[in-house]
Structure formats: structure tokens, C-alpha cells
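User: I'd like to learn how to read a few features of a protein model. Could you walk me through them?

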Amino acid sequence: MQFREALRSEIDHSDTSQTPFSKHWMAVKDRFVAMQSDYDYIESAEFRRVCQEQGVARPVSQDVLLQFLHDLGVVINFRNLQYFDTQILNPLWLTNGVYRIINSKHVADNGGLLRKADFDAVINDPRYRGNDTSEQHYIYPKNKLHYIVRVMQEFELCFMLNEYSYVVPQLLPANAPEFQPAGAMLRFVIHFPELLPGSVFPRLMVKLHSYIRDDERWRTGMVLHKPNVFDALARVRWDKEDQKLLIDVCGNERRRFLSFIRETVKEIVADFANLTFEERVPVPDCNDYQEYDYLVEAEKAGETDVFIKRLKKRIPISTLLDGVEEPAMRDETQQLPVKAFVSYSHRDLEHLKALQSALAPLRRLQKLQLWDDRSIDAGDAWRKEIFQQLAETDIVLCLVSADFVNSDFCYQQEFAAALAAHRLGEKTIVPILLRETDWQDLPLAEIQGTPGTWISSAANTDAAWTAVSKSLRPALEAAKNRRRVKRERELR
């Protein structure tokens, strides 16, 4: 009863519930509710046909209504999967397909690998067609199988290994490979005293999958190594019984790599309501740990050292904390978020996703916040929202391609507004050379772009995106300096 009332209260105060529905919109909603008993999903043509039939004729109104129906749970439409042309009317059809993969003996026997060639055999497993099953019979056409896997990827239940196969972390082998550290080892523990949800570690693996060394991954652990990003090696393990994540890192940049992993864990934990955790710092010369938050607060309060019972002596707090992370990571001014606005052509959506992945270290270590127009909610005045975000941003990243240059809105409006602020020193524009185009005579070409070659034609696109990330560090520092000066002026 208490949960029901809390849920009702949240619904009553949600933005969607406050939005007035015209009688035509309500008619569309009622029509799809009625269709749910007969259809598991529909495609865009059917959605727009129903809208036309019920008097919602304008495409922009149809698009806004679709997002509202998604928020209401009537028609599920994933923005990032729009090219699959699938809107879900029956969520059980989708979740059942996902669970068929997660529970697949075939995938488990294959070491957690789900090959594209096996989509049909796994999702349409003959076992689910027998008369002895109590499960509702669902039909999965071949042209919808990849969609189900991509939904799993969106919810961080799997990741793409290559163009032919995906990895399902929950179905990986249980045995861990032998781990050989190289040099001094930094150990760190994240403890969940009340509950460590079973989805946390698989999601962590999905988020960090591009850092996994070779095939060194197993059901409860992984070895991470990406030397062109971090000169360090890490092993991350999931201790189910003690409800801990154990992190061991070695290498010249072990502190930065550890901070990156910690921030990734926090990103996942933030999705859970009231999920508590404790970070524990190793004490040198003994098998003991100190609570990280306590040490940070003690340092802020002016304490310089802490008594370690096992060592029977006091040691400097800075020795413990600096062993885990660089002092700048604890500096509140340095950790002020830097906002970056991404201006891009929608034809370059896949490149936008690659950019977000490449900038993960900057987002987590230097608090870079990326914004693009996919963040606009249904019903928002999109033009006003875009220019408001552009006004508040510190850095403007332009994904340069022929489509970007050809876009009246991207180039002539977004870029023009940003260029004026860039010339005044109020913002920093960074052209990212995406797909080759003739841009040398444009004002955009006057600004130093990155990387040194067009990404789409680079011999190693991973290295090209890494170069983009590294080249943005000076722009981030410049933005932080501007913010610091502005903040000091406001405090005077």
C-alpha cells in the first residue's frame, strides 16, 4: 500500500502527467492500448497511419506524441534504436526475448559469446515451442532478432565484441585466468554493506569492455589494459559473498586508471535508489584498509595524520590519499564540471556514439559533461533548448563532415553563434575531423582541428579517437580557468 501511494504521488507530479492531451492525442493513445492484446510491436508506417486516422496529421506532432506514449508505457520507442523501425506494444514480448538469451545454454556453452549467426537458434529455441511449456508463445521474426540484442546492449546486458558476435557477461565461464602484475600494486576495495545488486558488475564490464585485455574476462572478473589511454594494468573482481568489488592496479598511471574505474562504478550506482557503498583505502606495510570518505573529511577538517592500530603508529593522511589518486581529484575547484556542446549532423549519429565512448576518461576524471540534442525531452521547445544549452556551454565540439557543413542549422546557426563567443574568448570551439570534406575556405577551418587526419579514413580509428580525447585536455583546463576566474569575481 505504501509503495502504491508513493508511486501514485510520483506519477501525479511528473511532467508528463501535467501535459494536457488533446482529444486527438487521447484517441491515438486509446487505439494503441486496444491494439496491445493483438500486436506485440508495430513499425513507423503503422504508427503514423493510426495517428492520421485519429486526426494527428503533422509529423512533428506525431513524433512528440510518440515520446509521450513512450513515457506513459503505451508505446515503447528507444530513440537510439530508431533505425530498427520498431515500437513495442507488448513489453513482455521484448523482455521474454531478452531472457531467452540470458538463459541460453547454447550461449553459455559457447563461453558467453552470442554470434549473429545464432540469433535465430537462441531466441527462437525450439524448446519454447513445445506444448509442455507454461510460457506464452511469442513469435520473433528474423528481421527483429538484432533489435532485441541491441536493446540488451542499450541496457548494458551485453556488448559487441566484433561485427559478428556479442558477449553476455552473465554467461561467461566462471574460471579466472592467472594474473601476473607488473610492478608495484595498488589495491582498492568498494564495499556494499547492505546489498550489491547482481547487475552492477556485468554493467561495469559492459561499460569498460573496450579496456579488456584480449579475452581476459570471466563471470566475476576482468583484466583491463589500454596503454594508449592509461599506462596501467588493472584487475577488477566481484566478490559476491562479501559484497565487494576488488580493484588491483599497477603501472605508471595506476592512480588515474583507478580513479577512472571508481568513477565508472559511481555512474552505475547512481542508477539505484539508496544504494550505499564504502570505498576503502589500503594502508601501506600491512593488510589493512581505511575508509576513504573519512580520510577526505579529516583532511578537509585540518587533520594531517591518522592512527593505524595494526602498525601502532600514526601516518600522514596525504600518504594514504595520494597513493589512491592525484591531489587534483580532491580539489573542488578542479572538479567543477566543464560543459561541452556537441554540434553534429544526425547522419553522423554512430560517430557521435564513438565520440562519447572515446571521451569516457575525460567525462569521469575531469568531469566533462557532454550535451547533444538527443537530450531534449518530448514537448520541449527544441530550438530554444538548443540555444540555451549553447549559451551555457564552455566548449563546442563540431563533428566536421560534408553533412555537417551542408546543414543550415548545424553550420549556419549553431556554429555561427558559437564562433562569436569563441572570438571573444568566452568559449572554445574544437573541430573534430570526422569525414573528409572541402572545408578549407570556411571560417571553421581557421580553428585548429583534431586529430591530424580524418577519422573515417584513419588506419586505426581507435587511435584516432584517443588522439581526440588527449587533444581536448588543454581546452578543458582553459575552460576550468575561465570558470575559476568568473567564480572569484562573483565572490568579491
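Analyst: Happily; we will go through a sheet, the helices on it, some backbone details and the cysteines. Please keep in mind that this is a predicted model.

User: Let's begin with the sheet. In what order do the 4 strands of the open sheet come?

Analyst: The general idea is this: strands of a sheet pair through backbone hydrogen bonds, either parallel or antiparallel. Here the order is S16-S15-S17-S18, with parallel pairing. At the edges lie strand S16 (368-371) and strand S18 (428-433), each of which pairs on one side only. On average, neighbouring strands of this sheet are turned by 25 degrees against each other, direction ignored.

User: Which helix packs on the sheet and touches S15, S16, S17 and S18?

Analyst: That is helix H13 (residues 349-358), whose direction makes about 135 degrees with that of strand S17 (395-400). Helix H19 (residues 473-491) also lies across S15, S16, S17 and S18, and runs at about 125 degrees to S15.

User: How many bridges join S15 to S16?

Analyst: There are 4 bridges between S16 and strand S15 (residues 338-343), and the two run parallel. For a concrete pair, look at Phe341, whose bridge partner in S16 is Trp371.

User: Now the backbone. Which residues does the cis peptide bond join?

Analyst: Thr450 and Pro451 are joined by that bond, with omega at about -5 degrees. To find the place, go to the loop between S18 and helix H18 (461-471), where Pro451 lies.

User: And phi? Where is Gln243 found?

Analyst: Gln243 is in the loop between strand S9 (232-239) and strand S10 (244-251). Its phi is near 55 degrees, a positive value in a residue other than glycine. Asn274 is not a glycine either, and has a positive phi of about 60 degrees. Asn274 sits in the loop between helix H10 (254-269) and strand S11 (278-283).

User: Is Asn274 buried or exposed?

Analyst: Asn274 counts as exposed because its relative accessibility is 74%, and the cut-off for exposed is over 50%. Asn90, by contrast, is buried, with a relative accessible area of 12%. Asn90 is in the loop between strand S2 (87-88) and helix H5 (91-102), and beyond residues up to four places away in sequence it touches Tyr39, Asp40 and Tyr138.

User: Last one: how many disulfides are there?

Analyst: A disulfide is a covalent bond between the sulfur atoms of two cysteines. The count here is 0 disulfides, taking sulfur atoms within 2.5 Å as the rule. As for accessibility, Cys51 is buried at 0%, and Cys250 is buried at 1%.

Key: Residues are numbered from 1 along each chain as its sequence is written. This is a predicted model: local features need pLDDT of at least 70, side-chain atom pairs count only at pLDDT 80 or more; totals for chains, interfaces and linings use all residues. Side-chain values use heavy atoms; hydrogens and water are left out. Buried means under 20% relative accessible area, exposed over 50%, partly exposed in between (1.4 Å probe, protein chains only). Contact means heavy atoms within 4.5 Å. Two strands pair if DSSP finds at least two bridges between them. Axes are lines fitted to C-alpha atoms, for helices over the stretch in contact, and angles run from 0 to 180 degrees between N-to-C directions.
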